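Good morning, and thank you for joining this session. I should like to take you through one structure, with most of my time given to its cysteines.

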Amino acid sequence: MKTRNKVLAWKYYLNVFNGIFLALGIMLLTFGLWLLFDRNNLFSVLFSSGENQPVSCISFMLLGAGSLITFTSAMGFIGSVQETKCLLATYMCFQVLVFVTQITMPVLVFLKKEVVHHQWNKRIDEVISEYGNKSLAEKELEWNILNAVQHNMECCGRYDVTQWEKNKNKESSTQIPCSCTKSSLKEWFCDVPRNSTYSMGCERYLDTWFENNVLILTGINISLLITQIFVIKLTMQLLRNIRKNNIWPDESDE
């Protein structure tokens, strides 16, 4: 195969894997934007304020990684199409930088997962304690999202319905949130018999949601790492063949 044909082949393979790399980077970017701006997401709303803001840290980390990947991919496409050795070499250096970043991200997620999960349960318990407090009108978004979770998942409280006994904002001790029943009333609390409420807690559903999102994020990172290994190897091959083609343009390999 002539060296020129090899260059074209390596360019094709590099652009294919670079396209996959770009798509995964956009997924990271979208994930970060979703965590940062989605006000209907209980996880984001619970952690959007207070001293600890893990969601903001995770979001900005994802946005930074996604933006770097998008920029790097654009550089790779331009360098490949124009066969610019300088751009391709810079592209490969950025790939190594992103590779190191992508290795650290799953490690941080794994190390911090239990801490975030503990804070997550603690914040849900705080929301349940504050629920219905007329002096905390700014918390109504959190309460509405909790109501949606309880109503849609047909669950009540984090661990079970008895958790609502700790809430001091009810007019009577027998009241529970209307969302813990099949009632369509748009009130914070309802007077209903205990046997007509959802008895199962929401913790199992919330934990599944949390674990699924951690798995999705980990899956994207692993896919990026695998793609980057191929991209770095293909870039090295393309640079080598471009150099050969410039030195011996008519070279043929047996």
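I shall speak about the disulfides, then the free cysteines, and finally two further residues.

Please bear in mind throughout that this is a predicted model.

Let me begin with the disulfides. How many does the structure hold? There are three. A disulfide is a covalent bond between the sulfur atoms of two cysteines. If one counts the bonded cysteines along the chain, the pattern of pairing is 1-6, 2-4, 3-5.

I turn to the pair of cysteine 155 and cysteine 202, whose sulfur atoms are 2.0 Å apart. This link connects distant parts of the chain, since its two ends are 47 residues apart. Cysteine 155 sits in the loop between α5 (140–153) and β1 (176–177), while cysteine 202 sits in the loop between β2 (189–190) and α6 (203–247). The link is right-handed, with 100 degrees about the S-S bond. As for the surroundings, both cysteine 155 and cysteine 202 are buried.

The next pair is cysteine 156 with cysteine 180, again with an S to S distance of 2.0 Å. Here cysteine 156 belongs to the loop between α5 and β1 and cysteine 180 to the loop between β1 and β2, so the bond ties together parts 24 residues apart in sequence. The angle about the S-S bond is 85 degrees, and the link is right-handed. Cysteine 156 is buried, as is cysteine 180.

The remaining pair is cysteine 178 and cysteine 190, with an S to S distance of 1.8 Å. Cysteine 178 is in the loop between β1 and β2 and cysteine 190 is in strand β2, so this disulfide ties together parts that are twelve residues apart in sequence. It is right-handed, with 95 degrees about the S-S bond. Are these two cysteines buried or exposed? Cysteine 178 counts as buried because its relative accessibility is 2%, and cysteine 190 is buried with a relative accessible area of 6%.

I now come to cysteine 86 and cysteine 93. Why does cysteine 86 not form a bond with the closest cysteine sulfur? The sulfur of cysteine 86 lies 9.6 Å from that of cysteine 93, which is too far for a bond; the cut-off applied is 2.5 Å between sulfur atoms. Cysteine 93, for its part, is in no disulfide. In terms of accessibility, cysteine 86 is exposed, with a relative accessible area of 58%. Cysteine 93 also counts as exposed, because its relative accessibility is 54%.

Let me move to phenylalanine 94, which is found in helix α4 (residues 85–130). At 23% relative accessibility, phenylalanine 94 counts as partly exposed. Setting aside neighbours within four places in sequence, phenylalanine 94 is in contact with Leu68, Phe71, Thr72 and Met75. Phenylalanine 94 and isoleucine 232 are 138 residues apart in sequence, and their C-alpha atoms are 9.9 Å apart in space.

My last residue is asparagine 195, located in the loop between β2 and α6. With 73% relative accessibility, asparagine 195 counts as exposed. From C-alpha to C-alpha, asparagine 195 is 9.9 Å from threonine 181, the two being 14 residues apart in sequence.

To close, I would ask you to keep two points in view. The model contains three disulfides, paired as 1-6, 2-4, 3-5. Cysteine 93 takes part in no disulfide. Thank you for your attention.

Conventions:
Residues numbered from 1 in each chain as written. Predicted model: local features only at pLDDT ≥ 70, side-chain atom pairs only at ≥ 80, totals over all residues. Heavy atoms only, no water. Helix = DSSP H or I, 4+ residues; strand = E, 2+ residues; numbered from the N terminus. Buried < 20%, exposed > 50% of the residue type's maximum accessible area, 1.4 Å probe, protein only. Contact = heavy atoms within 4.5 Å.
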